[in-house]
Each structure stands twice: as C-alpha cells, then as structure tokens.
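Here is a short set of exercises to work through with the structure open beside you. Try each task on your own before reading the solution.

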Amino acid sequence: QVQLVESGGSLVQPGGSLRLSCAASGSIFATYLMGWYRQAPGKQRELVALFTNNLGSTNYADSIKGRFTLSIDNAKNTMYLQMSSLNPEDTAVYYCYGRFRTSAGMLSTWGQGTQVTVSS
C-alpha cells in the first residue's frame with residue numbers, strides 16, 4: 001500500500017508564495033505519475049500539474065503556468081509545489097496524486113488534501 005501525505009497549506013495574502021509538500025511512503029517499485037490537483041468550493045477537481053516519469057516532463061494547467069513549479073526529491077520520496085503570485089482564484093483544497101507500481105501491482109492513490117486560502 002502507498003500513502004501520500006500533503007502539508008504546507010495555509011492562509012496567504014494575494015501576491016504571496018507558498019510551498020506544498022507531498023510525502024510518499026510504502027512499497028513503491030516505480031513511479032509513473034505524480035502530480036497536484038485542486039478543488040475549489042462548488043467546483044470540480046482540476047489538474048494543476050502532472051509529472052510523467054517516463055517522459056521526464058511536467059504538464060501545467062494554463063491558469064498557473066509561470067507561477068507554480070512542481071519538483072520531486074527522489075531521495076526523500078517527496079514532491080513539492082512551489083506557488084507564487086497567488087491570487088484568490090487559487091483558493092482550494094490541493095490534493096497530491098500518484099500512480100505507482102507496487103508489490104500489489106499498479107496503484108493510483110490520493111492524499112487527504114491541504115487547504116490553501118488566498119485572502120487579504
């Protein structure tokens with residue numbers, strides 16, 4: 001089984017920055033996808049950024065391009081989302097997502113979510 005635990009969500013002022021973390025643990029043999037999604041109140045969950053390991057590339061949503069950066073520290077099994085120039089439209093619960101090959105086969109899993117609120 002794989003667990004993803006997010007942290008770093010907070011209240012931040014417009015124009016501010018924040019870094020989210022997602023720590024992965026469990027019997028992970030290989031990582032295929034890792035990324036961030038978010039869900040604002042009354043809206044559907046949407047993709048923020050998704051890293052495809054075999055391509056070595058990250059896709060970003062148009063709404064956050066140039067402001068958010070996904071990075072992965074393989075030594076720590078941790079993924080980050082560095083967010084800057086935040087605006088109130090970025091307010092949402094941010095979820096970590098991963099697709100892995102594990103001892104039990106292919107597995108997709110989500111973290112529990114971390115709240116980001118952008119407000120003055």
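**Exercise 1. The aromatic pairs**

Task: In this predicted model, how many aromatic pairs are there? Describe the pairs made by Y37, and place each partner along the chain and relative to the surface.

Solution:

Step 1. Begin with the count, which comes to three aromatic pairs.

Step 2. Look at Y37 with Y97: the two rings are edge-to-face, with 5.9 Å from centre to centre and 75° between their planes. Edge-to-face applies because an angle over 60 degrees falls in that class.

Step 3. Now find these residues along the chain. Y37 belongs to strand β4 and Y97 to strand β9, so this pair links distant parts of the chain, 60 residues apart.

Step 4. Check the accessibility of both. Y37 has a relative accessibility of 19%, so it counts as buried; Y97, at 11%, is buried too.

Step 5. Turn to Y37 with W110, another edge-to-face pair, with 5.0 Å between the centres and 65° between the planes. Here strand β4 supplies Y37 and strand β10 supplies W110, with the two positions 73 residues apart. W110 counts as partly exposed because its relative accessibility is 37%.

Step 6. Put the pieces together: Y37, Y97 and W110 form one aromatic cluster.

**Exercise 2. An arginine and two rings**

Task: Over which rings does R45 lie, and at what distances?

Solution:

Step 1. Start with Y95: the charged end of R45 sits over this ring, 3.7 Å from the centre.

Step 2. Next take W110, which you met in the aromatic cluster. R45 lies over the face of W110 as well, at 4.6 Å from the ring centre.

**Exercise 3. Salt bridges**

Task: How many salt bridges does the structure hold? Work through the pairs R38 with E46, K65 with D62, and D90 with R67, and state which residues are joined into one network.

Solution:

Step 1. The total is four salt bridges.

Step 2. Take R38 and E46, whose side chains meet at 2.7 Å, N to O. This qualifies because the cut-off is 4 Å. R38 is buried, at 6% relative accessible area, whereas E46 is partly exposed, at 35%.

Step 3. Move to K65 and D62, where the closest N and O atoms are 3.3 Å apart. K65 counts as exposed because its relative accessibility is 51%, and D62 is exposed at 66%.

Step 4. Now consider D90 and R67, with 2.8 Å between the closest N and O atoms. D90 is in the loop between β8 and β9, and R67 is in the loop between β6 and β7; the pair links distant parts of the chain, 23 residues apart. Both D90 and R67 are buried.

Step 5. Finish with the network: salt bridges that share partners join R38, E46, R67 and D90.

**Exercise 4. The largest pocket**

Task: What is the volume of the largest pocket, and which residues and strands contribute to its lining?

Solution:

Step 1. The space in the largest pocket is about 220 Å³.

Step 2. Its lining is made of 15 residues, and the closest to the pocket centre are T31, M34, I72, D73 and N74.

Step 3. Assign the lining to strands. β4 (28-39) and β7 (68-73) each give at least two residues, and the largest share, four residues, comes from β7.

Step 4. Sort the lining by character: seven residues are nonpolar, seven are polar and one is charged.

**Exercise 5. Backbone angles in two loops**

Task: What are the phi values of N77 and S85, and where do these residues lie?

Solution:

Step 1. For N77, phi is near 50°, a positive value in a residue other than glycine. N77 lies in the loop between β7 and β8, and is partly exposed at 45% relative accessible area.

Step 2. For S85, phi is near 45°, again positive in a residue other than glycine. S85 is found in the loop between β8 and β9, and is partly exposed at 42%.

**Exercise 6. A separation along the chain and in space**

Task: What distance separates the C-alpha atoms of G105 and P88?

Solution:

Step 1. Locate G105 in strand β10, which covers residues 105-110. G105 is partly exposed, at 26% relative accessible area.

Step 2. Compare the two separations: G105 and P88 are 17 residues apart along the chain, and their C-alpha atoms are separated by 40 Å.

How values were computed
Residues are numbered from 1 along each chain as its sequence is written. This is a predicted model: local features need pLDDT of at least 70, side-chain atom pairs count only at pLDDT 80 or more; totals for chains, interfaces and linings use all residues. Side-chain values use heavy atoms; hydrogens and water are left out. On a 1 Å grid over the protein atoms alone, a cavity is a set of points where a 1.4 Å probe fits but cannot get out, and a pocket is an open set with protein on both sides within 12 Å along at least five of seven lines; lining residues have an atom within 4 Å of a point. Grid points are joined across faces, edges and corners, and a volume is the space filled by probe spheres set on the points. Ala, Val, Leu, Ile, Met, Phe, Trp, Tyr, Cys and Pro count as nonpolar, Asp, Glu, Lys and Arg as charged, and the others, Gly among them, as polar. Buried means under 20% relative accessible area, exposed over 50%, partly exposed in between (1.4 Å probe, protein chains only). Rings of Phe, Tyr and Trp (its six-membered ring) pair if their centres lie within 6.5 Å; planes under 30 degrees apart count as stacked, over 60 as edge-to-face and the rest as tilted. A charge sits over a ring if NZ of Lys or CZ of Arg is within 6 Å of the ring centre and within 35 degrees of the ring normal.
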